[in-house]
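Okay, thanks everyone for coming. I've got a structure to walk you through today, so let me put it up on the screen.

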Amino acid sequence: MKHFLRMLIQVCLYFYCKFLWRCLKFVMRKLTGRCELQRICYNTKPGASRTMKIETSLRDSKSKLLQTSVSVHPDAIEKTIDDIMELKKINPDINPQLGISLQACLLQIVGYRNLIADVEKLRRESYDSDNPQHEEMLLKLWKFLKPNTPLESRISKQWCEIGFQGDDPKTDFRGMGLLGLYNLQYFAERDAAAAQQVLSDSLHPKCSKFSKAEWEKKRMDKAIGYSFAIVGINITDLAYNLLVSGALKTHFYNIAPEAPTLSHFQQTFCYLMHEFHKFWIEEDPMDIMEFNRVREKFRKRIIKQLQNPDMALCPHFAASEE
């Protein structure tokens, strides 16, 4: 009975708040002479704050046109904006900036949805050793990470040197599909120096850029290295879940003036790899068995950062300088 009453109260509050909100919107329009979209665009600075408010307003609207505008094809955005202006009885000649602002927001909103689809497609595609393109990407990954060490054969224990678990890396891509390989190759190619440094640190902490005194101070003489490639695939999983959950909207809406692309996602992966490596060192784990604990703590820190509407994960290395 208590459970039923609690649910009844929640339902009543929901409909009351929804009705009250619609009444408030009506009153605000009468007082200001502007619809909600106008008030958001004129009173909120560009970036995540504005785009997320526009997205919520469109999605929660009772108008079918506004509801579907967040999922139109990019080529249909201009016409959609014209239709919205007509529906809201807004003169585009008197309010030229509104159309420009709405277009920028819709490009980001629709682009984010399309980016999820692109990333999901790569994640679902399995690594195929009979596919020349897949094989070429894998061999390039070795070349970028170990430019001075030839790979003796396609099936080789050498793959363990860059953090794969066995003689054939294809088995390690099962969880994230081609997405894991795409991200690893992007990091290794676009920011070769940083990728090679992280790889070196993960294998031989004392041979990194830190001095011997610094390593001893952090007790880094312990065997706390990790498998570079496996961690890269794991961080790909983290980036993927942040994207799908919508947590990365704050970041992408702040850094991409229009539609976020796969390159933006890969740059974010590079940033996460770089930051996780620093975080791993700061956490000073006893051994690799603490990986899940460290990863979860790192995930929570990133999510907390992304809850700030002004937040943009700011990579400070070459992979982001496009």
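Let's begin with helix α2, where the buried residues are E36, L37, Q38, R39, I40 and C41. That's six of the eight residues in a helix running from 36 to 43, so α2 is mostly covered. Before I go on, please keep in mind that this is a predicted model.

So what is packed against α2? One partner is helix α3, residues 48-59: the two axes come within 10 Å and cross at roughly 175°. That crossing makes α2 roughly antiparallel to α3. On the α2 side the contact is made by E36, L37, I40 and C41, and on the α3 side by R50, K53, I54, S57 and L58.

While we're on α3, have a look at T51, which is found in that helix. T51 has just 1% relative accessibility, so we call it buried. Leaving out residues up to four places away in sequence, T51 touches C105, Q108, I109 and Y253.

That brings up cysteines, and I know somebody is going to ask. How many disulfides are there? The count comes to zero. Take C35: it is in no disulfide, and the nearest cysteine sulfur, that of C41, is 8.4 Å away. C35 is also buried, at 3% relative accessibility.

Then there's C105, the one T51 touches. Why is C105 not bonded to C41? The C41 sulfur is the closest cysteine sulfur to that of C105, but it is 5.4 Å away, and that is too far for a bond; the cut-off here is 2.5 Å. C105 comes out at 3% relative accessibility, so it counts as buried.

Okay, on to the aromatics. Searching the whole structure turns up 15 aromatic pairs. One of them is Y127 with F173: the ring centres are 5.7 Å apart and the planes sit at 25°, so this pair is stacked. What I like about this one is where the partners come from. Y127 is in the loop between α6 and α7, while F173 is in the loop between α7 and α8, so the pair links distant parts of the chain, 46 residues apart. Are these two rings' residues buried or exposed? Y127 is buried at 10% relative accessibility, and F173 is buried as well, with a relative accessible area of 2%.

Another pair is W280 and F291, and this one is tilted, at 6.1 Å centre to centre with 45° between the planes. W280 lies in helix α13, residues 262-283, and F291 in helix α14, residues 291-306, so the pair ties together parts that are eleven residues apart in sequence. W280 is buried, with a relative accessible area of 2%, and F291 is buried too, at 10%.

If you follow the ring pairs around, you get a cluster: Y226, F276, F279, W280, F291 and F298. There's also a charge sitting over a ring elsewhere, with K249 over the face of Y112, 5.7 Å from the ring centre.

Next, the segment after α14, which is where you'll find D310. At 46% relative accessibility, D310 counts as partly exposed. Which residues does D310 contact, if we ignore its neighbours within four places in sequence? They are K45, S49 and N254. Look at S49 in particular: D310 and S49 are 261 residues apart along the chain, and yet their C-alpha atoms are separated by 7.2 Å.

Last topic, backbone oddities. Two residues to point out here are K89 and D284. K89 isn't a glycine, but it has a positive phi of about 55°. You'll find K89 in the loop between α5 and α6, and it counts as exposed at 74% relative accessibility.

D284 isn't a glycine either, and its phi is positive too, at about 50°. D284 sits in the loop between α13 and α14. Is D284 buried or exposed? With 16% relative accessibility, D284 counts as buried.

So, to recap: a mostly covered α2 running roughly antiparallel to α3, zero disulfides, and 15 aromatic pairs. That's what I had, happy to take questions.

Note on methods:
Residues numbered from 1 in each chain as written. Predicted model: local features only at pLDDT ≥ 70, side-chain atom pairs only at ≥ 80, totals over all residues. Heavy atoms only, no water. Buried < 20%, exposed > 50% of the residue type's maximum accessible area, 1.4 Å probe, protein only. Helix = DSSP H or I, 4+ residues; strand = E, 2+ residues; numbered from the N terminus. Phe/Tyr/Trp six-rings, centres within 6.5 Å; stacked < 30°, edge-to-face > 60°. Lys NZ or Arg CZ within 6 Å of the ring centre and 35° of its normal. Axes fitted to C-alpha atoms, helices over the stretch in contact; angles between N-to-C directions. Parallel < 35°, antiparallel > 145°, perpendicular 65-115°, else oblique. Contact = heavy atoms within 4.5 Å.
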